[in-house]
Amino acid sequence: MHDLNERELYQALQYSKSIDEENGRKILEHFQLDQTALAQTIFGVFPMVIGEQDKDMSHLFMDLCFDVICVFEKAFGALPSQSDMDVNWLEKQAVLLDTELQALMTDKHMDDKFRDKLQNRLIQREIEENPQPGLIKFMNAAIDDFASESPARVNTTRITQTMIYVVVRLFCSLYTHAVK
């Protein structure tokens, strides 16, 4: 897998934006069938965490996740099926992220210093791994623009950007680790 250049990213985003409702529904249904556990995480768990702070931002997040699916399919081909993956792939990915994501959930009791340390560790890994930097930059700009429309959304910017980063990282891992 390679980092998308500007032209590839633009074409993939154009593809995503050109999809009509019927075809969009088909893409989501296919995703939910082929990657059930991942779909439940991306469209169930993550938006719920964001929605605890701002419902509108959780809806934007789901829209952006649809864009991620389309970008990866356009740029890298058909989504690998869950049956093509190591049985424990998503579980392994979840364990790696669980503690750091717990630090983002404000309703979870956690020592503030420990929470800050975990959040900083997640941010540091974001910087070091930096998967698909152009896509992440585009998604973060969309989140910033949306947040700027309402002061209530500003507090959810960091968590939404972190979650979209996690989604992109999961997709990179998904395409990289699919059993050939």
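1. A quick definition before anything else: a residue is called buried when its relative accessible area is under 20%. By that cut-off serine 58 is buried, because its relative accessible area is 4%. One caveat for everything below: this is a predicted model.

2. Where does serine 58 sit? Its place is in helix H4. Leaving aside residues up to four places away in sequence, serine 58 touches Pro47, Ile50 and Gly51. Ile50 turns up again in point 6.

3. Now the overall picture. The protein has 8 helices and 0 strands, so the order of elements from the N terminus is simply α-α-α-α-α-α-α-α. Of its 180 residues, 48% count as buried. The accessible surface comes to about 10,000 Å², and carbon and sulfur atoms account for 51% of that. As for contacts between residues at least 6 apart in sequence, 76% of them join residues at least 24 apart.

4. Helix H7 is worth a look. How far apart should its ends be? H7 covers residues 133–148, which is 16 residues, and at 1.5 Å a residue that should span 22 Å. The end C-alpha atoms of H7 are 22 Å apart in the model, so the two values agree.

5. Staying with H7, which of its residues are buried? They are Leu135, Ile136, Met139, Asn140, Ile143, Phe146 and Ala147. These cover an arc of only 130 degrees around the axis, which means they lie on the same side of H7. On the face turned away from that buried side you'll find the exposed residues Lys137, Asp145 and Ser148. And what covers the buried residues of H7? Helix H1 (6–18), helix H4 (55–76) and helix H8 (157–177) are among the elements that do. H4, remember, is the helix that holds serine 58.

6. Last, the pairing of H3 with H8. The axes of helix H3 (residues 36–51) and H8 come within 10 Å and cross at roughly 170 degrees. Angles over 145 degrees count as roughly antiparallel, so H3 is roughly antiparallel to H8. On the H3 side, the contact is made by Leu38, Ile42, Phe46, Val49 and Ile50. From H8 come Ile159, Thr160, Met163, Val166, Val167, Leu170, Phe171 and Leu174. So Ile50 does two things here: it touches serine 58, and it takes part in the contact with H8. H8, for its part, also helps cover the buried residues of H7.

Definitions and conventions
Residues are numbered from 1 along each chain as its sequence is written. This is a predicted model: local features need pLDDT of at least 70, side-chain atom pairs count only at pLDDT 80 or more; totals for chains, interfaces and linings use all residues. Side-chain values use heavy atoms; hydrogens and water are left out. Helices (H or I, at least four residues) and strands (E, at least two) are DSSP runs, numbered from the N terminus. The expected span of a helix is 1.5 Å times one less than its number of residues. Buried means under 20% relative accessible area, exposed over 50%, partly exposed in between (1.4 Å probe, protein chains only). The arc is that of the directions from the helix axis to the C-beta atoms. Contact means heavy atoms within 4.5 Å. Accessible areas come from the Shrake-Rupley method with a 1.4 Å probe; for residues, only the protein chains shown count as cover. Axes are lines fitted to C-alpha atoms, for helices over the stretch in contact, and angles run from 0 to 180 degrees between N-to-C directions. Angles under 35 degrees count as roughly parallel, over 145 as roughly antiparallel, 65 to 115 as roughly perpendicular and the rest as oblique.
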